[in-house]
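Let's take a friendly walk through a protein chain, from the overall picture down to single side chains. Please keep the viewer open while you read.

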Amino acid sequence: MTAVHVGRQPVYDRSLQVVGYELLFRPEGPADTGAESAPVAAAYPGTDPGDAATTRVIVSTFTEFGLERLVGRRRAFVNVTRAFVVGTLPVPFAPESAVLELQPGIHGDDEVLDGVKRLADRGYALALDDWRGEPERAALLPYCRFVKVGLGAVPAEDLPRLVRELRAEADVQLIAEGVERLSDMERCHELGFEHFQGRFLLRPDVVTARTVSPSELSSLQLLAKLADPEIDLADIEAVVRTDVGLNYRVLRAANAAASGPARRIESIRDALVLLGMQTLRSWMLLMVLASGKPDEEKLRMAMTRARACEILAGRVGGARPESAFIVGLLSSLDMLLGLSMDAVVERLPLAADLHLALAHRQGRLGKVLDAVLAQEASDERRIASLADTLPVDVTELSRAYLSAVTWSNQTCDEVLPAA
C-alpha cells in the first residue's frame, strides 16, 4: 500500500490574510518507482503511466482524509495531472472548494484545451503553475483565474517584463511563489502581485524581539507549569489568581465546558478541575496568544505544531506527550509574539529536557520537535534523515500531522469566538 504524505503552504493576499492552502502531495515507497502505476492505468485507460503515481496519491488522499480536514473553511490549491484535466479521471472535490493547478508539463493541445474549457464551465477555478512565458502553454491563459510565478525560476531582471506581458494577455491574478525574503515580498508587492507564498510569510526573517511583559510572563509561567507531570493544582491556581485576565478567561472556558445550567463554577479551582489538564493546555495557548492578537493562521499553525508534537511523542516513546505539547507551542512564540527563543528559555523555569529541546533541539523532545518542523515545512531531506535519530515512520509522521491539523481547526473554530 502506498503511503501518503501531505504538506500545506498558506496562500496570502495583499493584506496578509490567508485565502487558501496549496496542498503538497508526496508518495512514498512503491509508488515512487512506478510499481503501483499499473493498477491506476488499468482502471482508467489512457492515464499516462508517468503521472499515475501522483494521480493515485491525490485520489487516496481525498478518499482517506477529506478536503475539509486539511483546509477547513478555506480554499485548497491542488496540483492536478493531465488525467484530471482531460477527463480520464474525475476531479474528486466540488468547484467551490479548490483551485486546480495546471502543472508545467500540461501543454495547450486540443485535448487539454477541451478539458480546461469543461472544467471552467463547471465552475472550477484554474491556475497555471510555474509560468515562465512558454508559448506552448499560452493557449491555457484565457481559462485560468490565477497564474503562479516562481521567483527562483525567473531571473530577477525578467520579472517586470513577464508581469507586463501577463497583464496584457490575460485577466488573471498573480501569485508569487518562493517568497523567501522581505525584499522578495516588497518587490512583488510593487509589481502588483495579488497573492504570495513562501517561507518568509510563515517565519519572518526579521523579527523584532521584545521583553516579556508581567502579564505575558505569568501566562508563560502557567504554560511551563503545565508541562510538569508532577504539577500541583494549587500551583496552577496561584498563577491564575495573579492575573485578572487569565482569571476571567479560565472561568469563561469552564462555563463553556460545563454541561447544563445546573453546573455551578464557584471558584478557580472548580474551573481547573472541570477543564482538566488536556483541555486546560489547549485553552491556555489560545488565552495567552489571543491577547497579543496574532495572525489567526499563525495561531492555528502553533496549535497544529503543539498537537503534532504531543501525538508523535506518544507514538515513538521516550518523552512525555504533555511535555512535547508545551515544547511545540513554546517553539512558536517567536512567530506569534515576536519573543526571541532566548527570552523564552531564560525567563521560564523550564525542566532540563524542555530547555534542551527549545534551545538546542537536543534530547528526545528536541528530536520530536525537529520531526514536526520538518513535516510542517515539507522538507523531504530532513524527513528522510529522521530515521537516524528518531524511530519514526514517515507515514506515521504524516498521519500525526494531519490529525493535528484537524484538531487545530476544530479547536480554533470552537474556542476563538468565545475566547
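How many helices and strands are there in the protein chain? The model, which is a predicted one, has 20 helices and 8 strands.

**The chain as a whole**

Of the 419 residues in the protein chain, 51% are buried. The accessible surface comes to about 18,300 Å², and carbon and sulfur atoms own 49% of that surface. If you look at contacts with a separation of 6 or more, 64% of them are between residues 24 or more positions apart.

**Salt bridges**

Searching the whole structure turns up 15 salt bridges. Here are some of them, with the closest N to O distance for each pair.

| Pair | N to O distance |
|---|---|
| Lys-148 and Glu-22 | 2.9 Å |
| Glu-111 and Arg-82 | 3.0 Å |
| Arg-361 and Asp-370 | 3.6 Å |

Start with the salt bridge between Lys-148 and Glu-22. This pair links distant parts of the chain, with Lys-148 in strand E6 (residues 146-150) and Glu-22 in strand E2 (residues 18-28), 126 residues apart. Are Lys-148 and Glu-22 buried or exposed? Both Lys-148 and Glu-22 are buried.

Next comes the salt bridge of Glu-111 with Arg-82. Glu-111 belongs to helix H5 (residues 110-121) and Arg-82 to helix H4 (residues 82-86), so this pair ties together parts that are 29 residues apart in sequence. Glu-111 counts as partly exposed, at 45% relative accessibility, and Arg-82 is also partly exposed, at 27%.

The third row of the table pairs Arg-361 with Asp-370. Asp-370 has 24% relative accessibility and therefore counts as partly exposed. Salt bridges that share partners also join Glu-22, Glu-101, Lys-148 and Glu-177 into one network.

**Two helices that cross**

How do helices H13 and H18 pack, and at what angle? Helix H13 (residues 296-316) and helix H18 (residues 363-376) meet at an angle of about 125 degrees, and their axes are 9 Å apart. Because this angle is neither roughly parallel, antiparallel nor perpendicular, H13 is oblique to H18. Their crossing is right-handed. On the H13 side, the residues making the contact include Met-301, Arg-305, Ala-308 and Leu-312. From H18, among them are Arg-364, Val-368, Val-372 and Glu-376.

**Backbone angles to look at**

Most residues other than glycine have a negative phi. Which value does phi take at Asp-130? Phi of Asp-130 is near 55 degrees, a positive value in a residue other than glycine. Asp-130 sits in the loop between strand E5 (125-128) and E6. With a relative accessible area of 17%, Asp-130 is buried, because buried means under 20%.

Arg-361, already met in its salt bridge with Asp-370, has a positive phi as well, near 55 degrees. Where is Arg-361 found? Arg-361 lies in the loop between helix H17 (352-360) and H18. Its relative accessible area is 35%, so Arg-361 is partly exposed.

**A buried valine**

Finally, have a look at Val-240, which lies in helix H10 (residues 233-241). Val-240 is buried, with a relative accessible area of 0%. Its C-alpha atom is separated by 9.8 Å from that of Arg-269, which is 29 residues apart from Val-240 along the chain.

Terms used. Residues numbered from 1 in each chain as written. Predicted model: local features only at pLDDT ≥ 70, side-chain atom pairs only at ≥ 80, totals over all residues. Heavy atoms only, no water. Helix = DSSP H or I, 4+ residues; strand = E, 2+ residues; numbered from the N terminus. Buried < 20%, exposed > 50% of the residue type's maximum accessible area, 1.4 Å probe, protein only. Contact = heavy atoms within 4.5 Å. Areas by Shrake-Rupley, 256 points an atom, 1.4 Å probe, with all protein chains shown as cover. Salt bridge = Lys/Arg side-chain N within 4 Å of Asp/Glu carboxyl O. Axes fitted to C-alpha atoms, helices over the stretch in contact; angles between N-to-C directions. Parallel < 35°, antiparallel > 145°, perpendicular 65-115°, else oblique. Left-handed = near helix turned anticlockwise from the far one by under 90°.
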